[in-house]
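Here is a short tour for anyone meeting this structure for the first time. Take a look at the display, then read on.

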Protein chains: 2
Amino acid sequence: MPYPYLKPLLHHNGSRIVLLIMDGLGGLPLEPGGRTELETALTPNLDQLAMEGCLGQTIPIRPGITPGSGPAHLALFGYDPIENEIGRGVLEAVGVGLAVNQGDVAVRGNFCTLDAGGLITDRRAGRLSTAEAMPAIERLQHIQIPGVELEVRHVKEYRFAVVMRGPGLNPALGDTDPQETGKAPLAVEPSDPEGASAPLAGRAAQLFNQFIQEAHRVLADQPKANGITLRGFATDPGLPTYLDSYGLRAACVAVYPMYKGVSRLVGMDAIEFAGETPADEFAAAARVWEDYDFLFIHIKKTDSMGEDGNFDGKVKVIESVDAALPQLMALRPDVLMVTGDHSTPAKLRSHSWHPVPFLLWAPAAHMQDGQSSFGERYCAAGGLGTFLAQEAMSLALGHALRLNKYGA
Amino acid sequence: MPYPYLKPLLHHNGSRIVLLIMDGLGGLPLEPGGRTELETALTPNLDQLAMEGCLGQTIPIRPGITPGSGPAHLALFGYDPIENEIGRGVLEAVGVGLAVNQGDVAVRGNFCTLDAGGLITDRRAGRLSTAEAMPAIERLQHIQIPGVELEVRHVKEYRFAVVMRGPGLNPALGDTDPQETGKAPLAVEPSDPEGASAPLAGRAAQLFNQFIQEAHRVLADQPKANGITLRGFATDPGLPTYLDSYGLRAACVAVYPMYKGVSRLVGMDAIEFAGETPADEFAAAARVWEDYDFLFIHIKKTDSMGEDGNFDGKVKVIESVDAALPQLMALRPDVLMVTGDHSTPAKLRSHSWHPVPFLLWAPAAHMQDGQSSFGERYCAAGGLGTFLAQEAMSLALGHALRLNKYGA
């Protein structure tokens with residue numbers, strides 16, 4: 001949960017806060033002494049905000065730790081990503097747009113190849129391609145188990161996600177992947193057979209075993225994907241919502257399902273809109289501006305370019321956000337944070353642990369730190385210092401004048 | 001123990017990490033506006049690494065806390081020095097090169113002066129000099145107690161250390177120093193007579209009381225040092241090892257026993273070598289380079305000079321390390337950290353709480369922070385920010401690409 005000292009101090013003043021996340025924003029120079037992606041990008045609007053506002057850099061999770069998108073966003077939302085682990089099944093499911101509510105059981109699935117005796121010969125079904133997987137996915141989607149609702153969605157290649165919905169379920173279940181070939185998939189069983197979760201987990205186990213049995217029946221004629229294993233059973237962790245934690249009516253403007261899903265876990269509404277450019281997203285923000293106190297706007301392509309090792313592409317995405325920014329500023333937010341959930345340096349072609357540039361603009365009250373441009377070196381020397389991403393919401397609420405004095 | 005979130009993320013890639021500690025590295029200017037020892041030193045090699053790598057500053061224990069060498073090193077090794085207190089007896093013993101293993105009982109000893117009635121007239125035996133102490137030490141070293149092995153070693157002036165080894169011992173024992181003159185030394189007794197430790201502690205108490213009785217017999221003719229008191233009974237705290245915590249085969253290259261001892265407590269091998277210059281130490285590192293994933297190299301004299309108030313001497317030691325550095329860099333470490341365990345400003349002639357300069361060089365992935373020299377002011381503005389020494393190992397593992405992603 002968010003820092004418990006915040007809630008008693010909350011003060012409602014109608015101010016509006018925007019958290020603009022460019023996914024994987026932080027970068028590295030390709031050569032020593034060179035510039036990062038953000039330092040290379042021409043960003044006159046962000047630089048203007050940097051001059052008027054205050055800079056810093058965030059540590060996404062803990063020093064040295066490279067985050068996945070789930071925990072990295074959770075941290076920026078103010079929830080300790082170490083204490084509040086979201087089950088892998090839930091992240092996989094929300095990542096492909098499946099709704100997971102409390103009591104639902106979400107799980108990650110793999111297609112595997114079984115021999116005539118039911119033993120696994122390939123744990124990833126020959127690294128099945130996405131095209132090859134689709135017919136098998138369709139068959140799974142037609143499986144019905146009385147008493148519960150099932151939703152199956154493809155993730156990538158041999159991977160899929162399943163959500164089971166219905167009363168009386170519990171996700172305290174063990175994985176069915178035996179982790180080696182030559183063995184049969186395990187049956188689903190309660191992971192804590194003596195615990196309080198056991199009765200409902202037992203019921204869920206029985207239903208998932210029915211699903212697996214049915215899956216093996218309908219997949220029997222598939223050349224590679226004739227079996228499945230399930231891992232990471234989990235449910236919505238029941239995190240306190242933004243409204244409850246911060247008194248903020250919050251919404252998410254994002255193109256990709258993963259980010260809508262994670263924000264839904266903390267009670268944000270996911271705004272539907274057409275298009276996928278920064279300008280489209282800012283237009284969506286404008287449309288719902290009066291209905292919310294807090295908007296999380298997510299830009300995906302900075303991260304995608306970083307993952308592809310496309311330094312120039314990432315520069316261009318950043319520039320496109322900067323170009324559209326006046327549209328967002330025209331809404332006159334009281335607090336604007338611009339940052340990333342983590343670094344994705346094109347040089348590394350992957351997420352990384354490096355501190356992430358952070359810009360806080362809040363004309364009512366921001367300090368001046370003399371930094372003149374939004375970039376890694378300026379942020380490292382910024383007035384907000386180096387801080388855990390998890391502290392960002394506290395800074396936002398403070399700068400929104402939404403926190404009363406602590407103590408007399 | 002080290003941060004528990006690290007272990008599940010560990011990934012073995014054969015990279016090599018070096019932690020070069022110049023003891024007491026941090027300093028202060030003698031006059032306001034002046035330069036510190038490190039800022040004064042000519043360090044072209046370190047400056048080059050600063051330009052290529054990234055700077056920051058560590059808080060050794062917690063803000064404002066001046067550390068001893070034991071906790072300061074423990075922190076840099078990634079173990080919380082507040083949670084993982086190493087008993088004073090163990091630190092004293094390992095400080096003079098005595099091995100302390102789990103189950104051994106180590107304790108600090110003081111010579112004292114007793115009157116004819118056995119009451120203490122001087123708790124430090126007239127601040128006995130080291131030369132005066134040696135004959136008394138030799139007599140203690142000849143004491144034998146059936147059933148256990150005893151090792152006694154001189155520390156300094158009136159102080160010594162004792163380690164008792166044997167089965168069935170427990171260090172939950174009270175001090176024998178009554179803390180005032182005119183009283184007899186106390187008998188050794190279990191500190192928790194009702195606790196689970198009491199039976200074995202009772203046996204240890206009996207054996208230590210035999211040792212004291214025998215000591216008083218063999219010292220009876222000494223003019224000043226005719227009695228002893230014992231304080232700080234402790235055993236090896238059983239810290240998880242580097243191999244267990246980080247998956248690193250680790251070794252220590254140090255001249256002084258204290259540092260070998262502390263590193264041995266976390267499972268490092270202490271490398272034997274001839275000589276005591278930085279060049280000798282780097283040569284020893286080169287000799288064992290292929291055998292380890294992690295090398296801790298300790299330079300003592302920066303601290304000794306600081307303690308002596310010898311500003312120029314400390315500058316020269318730093319310059320000698322810099323001069324030898326190419327020898328270390330020729331080994332091509334994947335990650336090099338250069339820092340101190342704490343500050344020892346010549347101005348203060350003692351350890352201090354000030355943040356310590358920290359340099360991280362890791363060519364595969366370090367960020368650029370635009371700092372051009374290794375010194376306190378540059379480090380305070382460095383891209384790594386100000387962080388707990390305890391976070392250094394996380395940063396090292398991250399930069400060594402030895403940590404998998406946290407969460408999806």
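## Two domains in chain A

Let's start inside one chain: the C-alpha centres of domain 1 and domain 2 of chain A lie 35 Å apart. Keep in mind that this is a predicted model. If you want to find the two domains in the sequence, the assignment for chain A puts domain 1 at 4-85 + 238-399 and domain 2 at 90-234. Domain 1 of chain A is thus given as two stretches, with domain 2 of chain A listed as a single one.

## Where the domains touch

How many residues does each domain bring to the contact? Domain 1 of chain A puts in 9 residues, and domain 2 of chain A also puts in 9 residues. Together they bury about 600 Å², with carbon and sulfur atoms giving 75% of that area.

On the domain 1 side of chain A, three residues stand out: A:Pro257, A:Met258 and A:Leu265 supply 54% of the area this domain buries against domain 2, more than any other three residues. As for charged pairs, there are 0 salt bridges across this domain interface. Polar contacts come to 1 residue pair, with both residues at pLDDT 80 or more.

Which helices of domain 1 help to build this side? Helix H3 (69-76) and helix H8 (257-265) of chain A each bring at least two residues. H8(A) gives the most, with 6 residues. Sorted by class, the side of domain 1 of chain A that touches domain 2 has 5 nonpolar, 3 polar and 1 charged.

## Chain A meets chain B

Now step out to the two chains. Here 31 residues of chain A are in contact with 27 residues of chain B. The area buried between chain A and chain B is about 2200 Å², and carbon and sulfur atoms account for 65% of it. Looking at chain A, the residues that lose the most area to chain B are A:Pro63, A:Ile65 and A:Trp353, which together make up 24% of what that side buries.

Between chain A and chain B the salt bridge count is 0, while 7 residue pairs are in polar contact, both residues being at pLDDT 80 or more. Several helices of chain A take part: H3, helix H4 (88-95) and helix H12 (376-380) each supply at least two residues of the side that touches chain B. H3(A) gives the most to that side, with 3 residues. By class, the chain A side splits into 16 nonpolar, 10 polar and 5 charged residues.

## How the copies are related

What does it take to lay chain A on chain B? A rotation of 125° with 0.3 Å of shift along its axis does the job, leaving an RMSD of 0.2 Å. The two copies are therefore related as by a three-fold rotation axis. Within chain A, the residue that comes closest to the rotation axis is A:Ala381, with its C-alpha at 3.3 Å.

## A salt bridge to look for

Side chains of opposite charge can pair when their charged atoms come close. Over all chains, the structure holds 40 salt bridges. One to look up joins the side chains of A:Lys7 and A:Asp244, at 2.9 Å from N to O. A:Lys7 sits in the segment before strand S1 (17-22) of chain A and A:Asp244 in helix H7 (residues 242-246) of chain A, so the pair ties together parts that are 237 residues apart in sequence.

Technical notes:
Residues numbered from 1 in each chain as written. Chains lettered and ligands numbered in written order. Predicted model: local features only at pLDDT ≥ 70, side-chain atom pairs only at ≥ 80, totals over all residues. Heavy atoms only, no water. Domains from an automatic or database assignment. Contact = heavy atoms within 4.5 Å. Buried area = accessible area lost by both parts, 1.4 Å probe. Salt bridge = Lys/Arg side-chain N within 4 Å of Asp/Glu carboxyl O. Polar contact = N/O pair within 3.5 Å; in protein donor to acceptor, adjacent residues only side chain to side chain. Helix = DSSP H or I, 4+ residues; strand = E, 2+ residues; numbered from the N terminus. Nonpolar A, V, L, I, M, F, W, Y, C, P; charged D, E, K, R; others polar. Least-squares fit on C-alpha atoms with pLDDT ≥ 70 in both.
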